[in-house]
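Colleague: I would be grateful for a close look at the sheet in this model and at the parts that adjoin its strands. Please take the strands in turn and then turn to what surrounds them.

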Amino acid sequence: MEEENEFRSWDELIPDALGLIFRKLPLQEKLTVIPRVCKSWGRTVAGPYCWQEVDIMEWSKFRTPETITRMLQMLVLRSSGSLRKLCVASLPNDQSFSFIADHANSLRTLRLPRSEISDLIVEQVAARLSTLTYLDVSYCKTIGGPAFEAIGKHCKHLRKLQRCMYGWEVLDKVSQDDEALAIAATMPKLNHLEILYLRISTEAVCQILLKCPELQLLDVRGCYSVKLDERFVKKFSGLKVIGPGSDNEGWDECSNYSVSSGYLAWDFVASVMDDDFDEEMLDEAWEDDQSMEDVEMRFYDGFYLDNGGFDWPLSP
């Protein structure tokens, strides 16, 4: 009897198994290479299996607001309500933040550094972000105390908050104690808090320590008005404080976002990619190789040409 083949073809794997594999790939490969391999892979990458975690942080740093918006909408819609993690820099407006909140039923991690969002929109949509456990709104210059009060009121599961700034971004601020006091009053479950370079007082930080009993890490580097008494801090068992005057001033385990991190730029032509990715579209793509050329990533946009060199596979 002829022995059965013990190996299965890759295109016969169920979509959720393929999705687990494809999640490990870089964004540009998922959007440009995988759809061109075969129909089943194209269907998988067009569905929610690959997009439960969306990280376009590096890609979005130097993109135009319109391009960021189109990419964000395409990937979030592909998640079909299963989005658990979203990381994007430089969100351009309140409408984009509201769009995220509309699709945040399963969202746990939300990182939006350097985004243009307002206190008003945060107050309006915070109730839709109730599943969050990790929030990063570093370098968001247009939010303050009211936004953090709304977040704390509605995001009862929040455990990690990053609110880092650069010193020059807060020079016009007289005080940001309203942010610290809102955190203290509404976020008792926090165990990790980074509030770098905020213009806050010692009294406001003490309120955080007193009212957030589960806090394990408090990073107040750059908050030069804060003078914490060592004996007072030692009363909080298991707490590590990093900041002015502490022994851990240079501790490097914090995950603060930096706009100086380098990468090769690549631009996305989002206007030709939409979510009408059905059987008919797949058939057309495979009947005519040229049709897939309309769905592409443009790399280096003439700015980083010296750093080129990705070897992309030829079209099937």
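**The sheet and its surroundings**

Modeller: In this predicted model, 8 strands form an open sheet in the order β1-β2-β3-β4-β5-β6-β7-β8, and their pairing is parallel. The edges are occupied by β1 (53-55) and β8 (240-242); each has a single partner strand, so one side of each is left without a neighbour in the sheet. From one strand to the next, the twist averages 5°.

One pairing may serve to show the detail. Strand β3, residues 109-111, runs parallel to strand β4, residues 134-136, and the two are joined over 3 bridges. Within this pair, L110 has L135 of β4 opposite it.

Next comes the region around β7. The loop that links β7 (217-219) to α11 (230-233) contains R221. The relative accessibility of R221 is 16%, and this residue therefore counts as buried, the cut-off being under 20%. The side chain of R221 also makes a polar contact of 2.6 Å with the side chain of D219.

Both β7 and α11 appear again in the packing of helix α10. This helix spans residues 202-211, and its buried residues are T202, A204, V205, C206, I208 and L209. The buried residues of α10 pack against two strands of the sheet, β6 (192-194) and β7, as well as against the helices α9 (177-186) and α11.

Technical notes. Residues are numbered from 1 along each chain as its sequence is written. This is a predicted model: local features need pLDDT of at least 70, side-chain atom pairs count only at pLDDT 80 or more; totals for chains, interfaces and linings use all residues. Side-chain values use heavy atoms; hydrogens and water are left out. Two strands pair if DSSP finds at least two bridges between them. Helices (H or I, at least four residues) and strands (E, at least two) are DSSP runs, numbered from the N terminus. Axes are lines fitted to C-alpha atoms, for helices over the stretch in contact, and angles run from 0 to 180 degrees between N-to-C directions. Buried means under 20% relative accessible area, exposed over 50%, partly exposed in between (1.4 Å probe, protein chains only). A polar contact is a pair of N or O atoms within 3.5 Å; within protein, one must be able to donate a hydrogen and the other to accept it, and residues adjacent in sequence count only if both atoms are side-chain atoms. Contact means heavy atoms within 4.5 Å.
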